[in-house]
Amino acid sequence: MGQTKDSMEAAEAYDEARNWLAFLIDHPDKTVTVDEYRAQIRTARTTVQRAHKTMIAARAEGGRG
């Protein structure tokens, strides 16, 4: 059961990261410079990529049980 919980938590983290990236894209922060905004987007994309890798690894680990 712990592996399923890990997989579900990883999926939730991935969804949260994707939602945050979508929010940043749809609602650009006009109080920061273009460079700062690009850095925010880069950071959010990196977070999505890492969360995706974690989610895939958790699913693979869950399949071994």
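Here are a few friendly notes on this predicted model, point by point.

1. **The core.** A good place to begin is the nonpolar interior. The largest nonpolar core has 13 residues, and Tyr-14, Leu-21, Ile-41, Val-48 and Met-55 are those with the most contacts inside it. Helices α1 (2–26) and α2 (34–64) each supply at least two residues of this core. The largest share comes from α2, with 7 residues. As general background, nonpolar side chains in soluble globular proteins tend to be buried together.

2. **Leu-21 and its partners.** If you would like one residue to centre your view on, try Leu-21, which is among the core residues with the most contacts. Leaving aside residues up to four places away in sequence, Leu-21 touches Ile-41, Ala-44, Arg-45 and Val-48. Two of these partners, Ile-41 and Val-48, are also listed among the core residues with the most contacts.

3. **Glu-16 and Val-48.** Another pair to look at joins positions far from each other in the numbering: Glu-16 and Val-48 are 32 residues apart in sequence, while their C-alpha atoms are 8.6 Å apart in space. Glu-16 lies in helix α1. Is Glu-16 buried or exposed? Its relative accessibility is 60%, so Glu-16 counts as exposed, the cut-off being over 50%.

4. **The aromatic pair.** Searching the whole structure turns up 1 aromatic pair. Its members are Trp-20 and Phe-23, whose ring centres are 5.5 Å apart and whose planes meet at 20 degrees, so the pair is stacked; the cut-off for stacking is planes under 30 degrees apart. Both residues sit in helix α1, and because they are 3 residues apart there, about one helical turn separates them. Where do these rings stand between buried and exposed? Trp-20, at 47% relative accessibility, counts as partly exposed. Phe-23 counts as partly exposed too, at 39%.

5. **The salt bridge.** How many salt bridges does the structure hold? There is 1. It is formed by the side chains of Lys-5 and Glu-9, with 3.9 Å from N to O. You may want to keep the cut-off in mind here, which is within 4 Å. Lys-5 and Glu-9 both belong to helix α1, where they are 4 residues apart, about one turn of the helix. With a relative accessibility of 42%, Glu-9 counts as partly exposed.

Key. Residues numbered from 1 in each chain as written. Predicted model: local features only at pLDDT ≥ 70, side-chain atom pairs only at ≥ 80, totals over all residues. Heavy atoms only, no water. Core = buried A, V, L, I, M, F, W, Y, C linked by side-chain atoms within 4.5 Å. Buried < 20%, exposed > 50% of the residue type's maximum accessible area, 1.4 Å probe, protein only. Contact = heavy atoms within 4.5 Å. Phe/Tyr/Trp six-rings, centres within 6.5 Å; stacked < 30°, edge-to-face > 60°.
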